[in-house]
Amino acid sequence: MALNPQITNLVIILGMMQVSKKIPFDDPQVLLAVRILYIVTNIVISGIYLYLQNKINAKKDLTTLKYVEPAPMGSADEPKLITTTVHSYDLQQLRALWKSQLMGVGMMGVMHLYFKYTNPLLIQSIIPLKGAFEGNLVKIHLFGNPAIGDLKRPWKATGGLMGMGGQGEPKADKKSIEQAERAGSGGVKEE
């Protein structure tokens, strides 16, 4: 049984907080080494994402994918039927990964350059890299795992803080799709 990624992230964060207390960040050599580690991990993540993009575009899987996207929590909107291709879905997921990575780099930049925090550099050198290797796209396109079980598209949205996401999970069962088609909610193919 594998541990929940959120639990392992918490363990890593708590462990790295203890380790970072013992690292002399006021030494310019140590600070430079940690900055280089942070930059290298982000370059590795970018390389992984560029490789994924090439693999997705090379496969160009045009298999139709239909699913019902739940309405945002607290919204009166109806669930929306989405009809797309596996290729488009994977590229959409990859764009979300890029956006998340860039937001993390931006936040880290503000925390380190403006507020002069150094401890998070060490933690943010490990957690995003671990997250990149745990992603569904990486499991399918980099490691070659088949898209069955938990890797079957559409994927459950990863929740935010402590798994409390703003939406439910997308439904791809025949009954949900037929209900959404009858309700007339969406169904337009996304390109």
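1. Let's start with the second largest pocket, which comes out at about 170 Å³ in this predicted model. Ten residues line this pocket, and those closest to its centre are Val-68, Pro-79, Ser-176, Gln-179 and Ala-180. Helix H7, residues 174-183, gives the largest share of the lining, with four residues. As for chemistry, the lining splits into five nonpolar, three polar and two charged residues.

2. Next, how far to trust the model. The mean pLDDT over the chain is 86, and 89% of the residues score at least 70. Which element has the lowest mean pLDDT, and which the highest? Strand E3 (residues 186-189) sits at the bottom with a mean of 54, while helix H2 (residues 28-59) sits at the top with 96. I'd read anything about strand E3 with that mean of 54 in mind.

3. Now the salt bridges: the count is two. Side chains of opposite charge can pair when their charged atoms come close. In one of the pairs, Arg-153 meets Asp-90 at 2.7 Å, N to O. Arg-153 is in the loop between H6 and H7 whereas Asp-90 belongs to helix H3, so this pair ties together parts that are 63 residues apart in sequence. Both Arg-153 and Asp-90 are buried.

4. Arg-153 deserves another look, for its backbone this time. The peptide bond joining Arg-153 to Pro-154 is cis, with omega at about -5 degrees. Most residues other than glycine have a negative phi, and most peptide bonds are trans. Pro-154 is found in the loop between helix H6 (136-142) and H7. Arg-153 therefore has a side chain in a loop-to-H3 tie and a backbone that takes part in the cis bond.

5. The other pair is Glu-134 with Lys-130, at 2.8 Å, N to O. Here the two partners share helix H5 (residues 127-134) and are four residues apart, about one turn of the helix. Are these two buried or exposed? Lys-130 has a relative accessible area of 16%, so it falls under the 20% cut-off and is buried. Glu-134, at 30%, counts as partly exposed because that value lies between the 20% and 50% limits.

6. What does Thr-8 touch, leaving out residues up to four places away in sequence? The answer is Leu-3, Lys-130 and Glu-134, and the last two are the salt-bridge partners from the previous point. Thr-8 itself lies in helix H1, residues 5-21. With a relative accessible area of 18%, Thr-8 is under the 20% limit and therefore buried.

7. Finally, two lysines with positive phi. Lys-60 has phi near 45 degrees, a positive value in a residue other than glycine. Lys-60 is placed in the loop between H2 and strand E1 (64-69). Its relative accessible area is 47%, so Lys-60 is partly exposed, as that figure does not pass the 50% cut-off.

8. Lys-116 also has a positive phi, near 65 degrees. This lysine is in the loop between helix H3 (86-114) and helix H4 (119-123). Is Lys-116 buried or exposed? Lys-116 counts as exposed, because its relative accessibility of 61% is over 50%.

Key
Residues are numbered from 1 along each chain as its sequence is written. This is a predicted model: local features need pLDDT of at least 70, side-chain atom pairs count only at pLDDT 80 or more; totals for chains, interfaces and linings use all residues. Side-chain values use heavy atoms; hydrogens and water are left out. On a 1 Å grid over the protein atoms alone, a cavity is a set of points where a 1.4 Å probe fits but cannot get out, and a pocket is an open set with protein on both sides within 12 Å along at least five of seven lines; lining residues have an atom within 4 Å of a point. Grid points are joined across faces, edges and corners, and a volume is the space filled by probe spheres set on the points. Ala, Val, Leu, Ile, Met, Phe, Trp, Tyr, Cys and Pro count as nonpolar, Asp, Glu, Lys and Arg as charged, and the others, Gly among them, as polar. Buried means under 20% relative accessible area, exposed over 50%, partly exposed in between (1.4 Å probe, protein chains only). Contact means heavy atoms within 4.5 Å. pLDDT is the predictor's confidence in each residue, from 0 to 100. A salt bridge is a side-chain nitrogen of Lys or Arg within 4 Å of a carboxyl oxygen of Asp or Glu.
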